[in-house]
Amino acid sequence: MATLVPIDGPAANPDWLSGWRAGPGNGTAAAPDWLPPVRAEAAGRFAARGLPNRRIEDWRYTNLAQLTGLELDWAPAPAEVAKESLPALVFGREADCRLVLVNGQVRPALSAVPALPEGTILTSLAEALATGHPGVADLLRERVTVDDGALKALNDSWLEDGYVLIVPEDVTVDLPIEILSVGTGGALPPAYQPRNLIIAGARSRVTVVEHHVGLCIGGYFANVVTDVAAGPEAIVRHCKVQDESKEAIHVALLDATLGRDAMFDSFCFTLGGRISRNELRVSLDGPGAHCRLNGAYLVGGHQHCDHTTAVDHAAPETHSDQLYKGVLDGRARAVFQGKVVVRQDAQQVEGHQMSRALLLSETSEVNTKPELFIHADDVQCSHGATAGDLDAEALFYLRSRGVPEGQARQLLVEAFLNEAIDAVALAGMRLPLEQNVARWMGERPQPTP
Amino acid sequence: MLEIKNLHASVGGKPILNGVDLAVAPGEVHAVMGPNGSGKSTLSYVLSGRDGYEVSDGSVLFKGGNLLDLDPEERAAAGLFLAFQYPVEIPGVTNMTFLKHALNGLKVQRGEEELDAMQFLKLVRQKAKALGMSDDMLKRAVNVGFSGGEKKRNEILQMAVLEPAFAVLDETDSGLDIDALKIVADGVNALRGPARSMLVITHYQRLLDYIVPDRVHVLAGGRIVTSGGKELALQLEDEGYGAFAARAA
Ligand SMILES: Nc1ncnc2c1ncn2[C@@H]1O[C@H](COP(=O)(O)OP(=O)(O)OP(=O)(O)O)[C@@H](O)[C@H]1O
Ligand SMILES: [Mg+2]
């Protein structure tokens, strides 16, 4: 029974929230007047709930109790990070466009943002708040008050920095916009809570690549919230590589609303973190809106990863497709929870989801929970889940042709995961995926014969 | 080249091979015929090192070394190739990728230099063309959605690219139409040479009109019960296996 709030509860570490209670305020940029009361309201919401526990249906399989054992640094001082220590761009080096965040704060000196198409803005939330960008304030004020769980409330209570991307109507941004989020260690594990916004105007097109890495061995707590608003016929692709430190706790919520005929693609590749959760909420608000939510994960050791989705078919002729594929080793655990809601008047809707896992060890485990709530009648929905070992026949076939066993396994794992990329047509992800599979398979402890 | 002596093997605790003796010299082609369930595919799997096949007695010498000590990939590097009776589908791995890993896997194991992308492409295209296989087929996932005959042809393509010293063809002729049979047989014959040997498992004498064997063996009840020249195949087709199976009992 880990009761986390009030903080002086017997099981809780009395220190873990003390820094949070002090609240942000030592930020460099001035906050607009509307912000402090909003933060305070959110802080109250969080304090009333405490961290999610496993009695909450959405958190049945993912346990954050470990957090309460940590004393965290809620306002880490800007860490020294050398540009040379940053990883290469996810999609390769040829075109540099990258905004770098360290412990949740945008660091212009480490970033490289070239001229973007007319009217396109890529900046920090701190900057956008200070300059009072109206689009940003409007969307934030609308989203901040939405009661969507304790961790979102925690993030709402801390609104300070993050990235902001605004693409005006009819603008196509060809260059993938990369966001590198770096976590660093520290005497106390840092806690940081970036708030990101992607606002895509009508008929705009943009691809965002989020790369989360840890430049430390130790742990930290990242609680990321990203709000996406895609106007009519906009196409937004969101690609995420979560390669946090193996001790990190990474929790992310992405909340997207889609206008008429808009399209949102998400691909999340999960590699890192001791405990991680990637939660997507997509509202298909306009008729003809359409989303594809895909993911691939490679976890081993004692890692726990959770992919949770909720798609709301609020309008007719909306489509959603979900495919999550993962490979587990050691004592790793993976969770996939997919909720699909079809509203009463949302006819001619299609919603499909599939979760497939490869269990390379007997001690790894996957929990799948599909939930369909269908209130319309002209609807095609499906869900499915599989879990199994590598195909022994395929492995033997490859070996009998001269492919060494390790390489054959690697090839089969790659092929298995690639399907999740192919479905979102993010060809740029193929190479990073292959490289990571090779690295992961190479580092993987060999099973004792 | 290959010398099988008194080979006993079981699958899932069930004895299938009960003392197989068979020797194939360099350059020779031997045919193995025999009723369904007599252990022909089991023999081919034991030779290629598939898991789950327990050898309880006997030995297999390949080029003078003990074949049974090697992993499947090492057997391939030593020059052994099995054309599967039921080729395996591998979703997500294209034929090209498969062949590249196979060929380079063999070369690395042998300490030879790998082919570069251009050389490889040229080689595969040329071999595929000879077998009447389109580029499109090379880009597709290995055997996924291939017709029965296409799968068999794909096995021969792999053999043509990998150029094994010893090939076991397990019913490569079943499922092939007459034209395909001819093409596959041409592919096999193109590989014949003084340093290469083959073991051709088949139910049909027809294949042996195209791939003329030096010896024909009958496997029944997990043993070679009769061996003879190519005329034995004709005799079998007339008489059926009954007489031979009785002899094995
Ligand atoms: N995994 C297994 N467990 C138990 N029995 C098996 C297993 N695999 C094969 N067998 C049995 O071994 C026997 C020999 O099978 P095998 O496939 O070698 O026959 P075959 O001669 O190739 O037949 P066919 O002409 O039909 O291809 C059969 O009776 C088969 O049922
Ligand atoms: Mg057989």
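This report describes selected features of a predicted model with chains A and B and a ligand.

Residues are numbered from 1 along each chain as its sequence is written, while chains are lettered from A and ligands numbered from 1 in the order in which they are written. In this predicted model, local features need pLDDT of at least 70 and side-chain atom pairs count only at pLDDT 80 or more, whereas totals for chains, interfaces and linings use all residues.

**Sheet and hairpin of chain B**

Helices (H or I, at least four residues) and strands (E, at least two) are DSSP runs, numbered from the N terminus. Two strands pair if DSSP finds at least two bridges between them. In chain B, four strands form an open sheet in the order β2-β1-β4-β5, with antiparallel pairing. Strands β2 and β5 (65-66) of chain B stand at the edges; each has a single partner strand, so one side of each is left without a neighbour in the sheet. Within chain B, β1 (residues 2-11) and β4 (residues 53-62) pair in the antiparallel sense over eight bridges. The bridge partner of Ala9(B) in β4(B) is Val55(B).

Elsewhere in chain B, β11 (residues 215-220) and β12 (residues 223-228) are joined in the antiparallel sense over five bridges. Leu219(B) has Ile224(B) as its bridge partner in β12(B). The hairpin of β11(B) and β12(B) has two residues between the strands, and Gly221(B) takes a positive phi near 60° there. Arg223(B) lies in strand β12 of chain B. The C-alpha atoms of Arg223(B) and Asp136(B) are separated by 43 Å, the two residues being 87 residues apart along the chain.

**Burial and backbone angles**

A residue is buried if 20 or more other C-beta atoms lie within 10 Å of its own, exposed if 12 or fewer, and partly exposed in between, with C-beta atoms placed from the backbone. Most residues other than glycine have a negative phi. Arg203(A) nevertheless has a positive phi of about 60° although it is not a glycine. Glu317(A), also not a glycine, has a positive phi of about 55°. The table lists the burial of these residues and of Arg223(B).

| Residue | Place | Other C-beta atoms within 10 Å | Class |
|---|---|---|---|
| Arg203(A) | loop between β7 (195-200) and β8 (205-214) of chain A | 18 | partly exposed |
| Glu317(A) | loop between β15 (304-313) and β16 (319-328) of chain A | 19 | partly exposed |
| Arg223(B) | strand β12 of chain B | 19 | partly exposed |

Ser48(B) lies in helix α1 of chain B. With 23 C-beta neighbours inside 10 Å, Ser48(B) counts as buried. Two residues are in contact if their C-beta atoms, placed from the backbone, lie within 7 Å. Leaving aside neighbours within four places in sequence, Ser48(B) is in contact with Ser400(A), Pro72(B), Arg75(B), Leu80(B) and Leu82(B). Ser48(B) and Ala130(B) are 82 residues apart in sequence and 27 Å apart in space, C-alpha to C-alpha.

**Contact between the chains**

The contact takes 18 residues from chain A and 20 residues from chain B. On the side of chain B that touches chain A, at least two residues each come from α2 (72-78), β7 (90-94), α3 (95-109) and α6 (148-162) of chain B. Helix α3(B) gives the most to this side, with five residues. Ala, Val, Leu, Ile, Met, Phe, Trp, Tyr, Cys and Pro count as nonpolar, Asp, Glu, Lys and Arg as charged, and the others, Gly among them, as polar. By class, the side of chain B that touches chain A has 11 nonpolar, six polar and three charged residues.

**Shell around ligand 1**

A residue is near a molecule if its C-beta atom, placed from the backbone, lies within 6 Å of it. Ligand 1 is surrounded by 13 residues, of which the closest are Gly12(B), Asn36(B), Lys40(B), Ser41(B) and Thr42(B). Strand β2 (14-24) and helix α1 (40-48) of chain B each supply at least two residues of this shell. The largest share, three residues, comes from α1(B). The shell around ligand 1 has two nonpolar, nine polar and two charged residues.
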